[in-house]
Amino acid sequence: MSTDDPDHSADAHGHEHREVAGPGYPTPAAMRTESDREKTAFVMSLRVGMDVDGPDFVGVVDVDPDSDTYAELIDTVEMPNKGDELHHFGWNTCSSSCHAEGLTRDHLIVPGQRSSRIHIIDAADPRTPEIERVIEPEEVFEHDLSAPHTVHCVPEGKIVISMLGNADGELPGGFLQLDQDDFSIDGHWEVDSGPMEMNYDYWYQPRHGVMISSEWAAPETYYPGFDLEDVEAGKYGDSIHIWDWETREHRQTLSFDEEGLIPLEVRMPHNPEETEGYVGAALSSNILRFWEADDGTWDWEKVIDIEDREHPDWDMPVPGLVTDLLVSLDDQYLFFSNWLHGDVRMYDVSDTGSPRLVDQVWAGGNFGDRQTVGDYDIRGAPQMLQLSRDGRRLYWTTSLFSTWDNQFYPEMGEEGSLMLKADVHPEEGRMELDEEFVVDFGDAPGGPARAHEIRWPGGDCTSDVWQ
């Protein structure tokens, strides 16, 4: 599956990197080996549910070890309104359009999960980004959609955002499409949603004309916090959906039932030839592999299972709660976080059907021996992950969602969350927590904040798709 195999090289695809006219890189291997080290990180930062009354912001973090401001929040782009709950975000264009002339990766698409407001940020200068325009919620509600989540740029000059609810915060959700030129709303991406009602994350493989989406719940269900009775009442997802990328029609549903409750992040290999991938089921605390069979239908299997653990302060066994996962650009390693247990894991997935645990790092959570890093108490546990393009540094933040944070790690609502880092040694298959790298969002200008998704200027392994 590795994108570094000889037959997946730039030469094999008939072009050299220097011929790329558009944004990004012609192959995952080119991004991994030819890009510079990350020096700046964009981090979604929110104040919803915090003791401080203030707007959310996009934080700019210095991750250049040669800089005098290394591991510091060096700029903030504050939102014009309060209560957005910034969550996930993405680029106006990426490596899926690397041969499209006239496109530049220079704008961040930054939605508010609660407000359904979509901010367009000019990030041409990564150290001084600025808000360029705002799409107000009323424009989104006109299409009977709300609660934007995953943002992907797609090859057809468009941006597609998964939407988790209708205009009233109920089901069904759908997909909102924006134009890359002026960021106007085109309407729904899908033309036939079939039985899909719940939505969450998605990934696509344009070379094979397929998209895979996952499920969380209706906004009205998860906004107030987590209630186990909602799970028992069937208000949380347990399936993924297969879509025809060309016709935009729903093709198949893979239902996991109790083996895959609350399937969240979807990741497919960066090698565009592959038709398989992984999804992390949060509540069932396992990793499920899905793939296309010879007859064109899709199937699945459980490949990693995290055992629940007893805790003296809990009335029930504590699930790991797999909340984020990613695949390295060479498709060799899978990383995922167990937000309630408190660890981040590294698996060798060279044999895609038999992942092999090679290392894990404990940092916070309900079971981690390490509850401090340097002089800082760890508030929360590993959650949103981002890997350096060369696969040698894994960063994470510790906030999940405002009401869920306040329910499981209430100290984050008072003191904010952290951004941490582990050094990765892919040749040896191991990780080591960097005790010197801590970004405390409790010290953010204007008051404490929660740090969530991370993006690199120039793209990363969770935003870029190749065709």
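Guide: Two strands pair if DSSP finds at least two bridges between them. Strands (E, at least two residues) and helices (H or I, at least four) are DSSP runs, numbered from the N terminus. This is a predicted model, where local features need pLDDT of at least 70, side-chain atom pairs count only at pLDDT 80 or more, and totals for chains, interfaces and linings use all residues. Residues are numbered from 1 along each chain as its sequence is written, and side-chain values use heavy atoms, with hydrogens and water left out.

Visitor: How many bridges join strand β13 to β14?

Guide: Strand β13 covers residues 210-213. It runs antiparallel to β14. In this pairing I212 faces I242 of β14. The number of bridges joining β13 to β14 is 4.

Visitor: Which residue of β15 stands opposite I242?

Guide: β14 (residues 239-244) also runs antiparallel to β15 (residues 249-255), with 6 bridges between them. One opposite pair there is S239 and S255. For I242, the residue across in β15 is Q252.

Visitor: Which residue in the turn of the β14 and β15 hairpin has a positive phi?

Guide: The hairpin leaves 4 residues between its two strands. One residue in that turn has a phi of about 65°. That residue is R248.

Visitor: How many of the residues of β14 are buried?

Guide: Buried means under 20% relative accessible area, exposed over 50%, and partly exposed in between (1.4 Å probe, protein chains only). In a regular strand the side chains alternate between the two faces of the sheet. In β14, S239, H241 and W243 are buried on one side, and I240, I242 and D244 are buried on the other. So both faces are covered, and the count of buried residues in β14 is 6 of 6.

Visitor: How many salt bridges does the count come to?

Guide: A salt bridge is a side-chain nitrogen of Lys or Arg within 4 Å of a carboxyl oxygen of Asp or Glu. By this rule the total is 35.

Visitor: Is R47, the partner of E78, buried or exposed?

Guide: E78 and R47 form a salt bridge, with the closest N and O atoms 3.9 Å apart. The pair links distant parts of the chain: E78 is in strand β3 (residues 73-78), and R47 is in the loop between β1 (40-46) and β2 (57-62), 31 residues apart. E78 is partly exposed because its relative accessible area is 39%. R47 has a relative accessibility of 4%, so R47 counts as buried.

Visitor: How many residues apart are D201 and R267?

Guide: D201 and R267 form a salt bridge, with 3.3 Å between the closest N and O atoms. D201 lies in the loop between β11 (185-188) and β12 (202-205), while R267 lies in strand β16 (residues 263-267). D201 is buried because its relative accessible area is 2%. Along the chain, D201 and R267 are apart by 66 residues.

Visitor: Which residues are linked with D201 and R267 in a network of salt bridges?

Guide: R267 is buried too, because its relative accessibility is 5%. The network joins D201 and R267 with E265 and D324.

Visitor: What is the distance between the closest N and O atoms of D434 and K421?

Guide: D434 forms a salt bridge with K421. D434 is in the loop between β29 (430-433) and β30 (439-440), and K421 is in strand β28 (residues 418-425). Both D434 and K421 are buried. The closest N and O atoms are apart by 2.8 Å.
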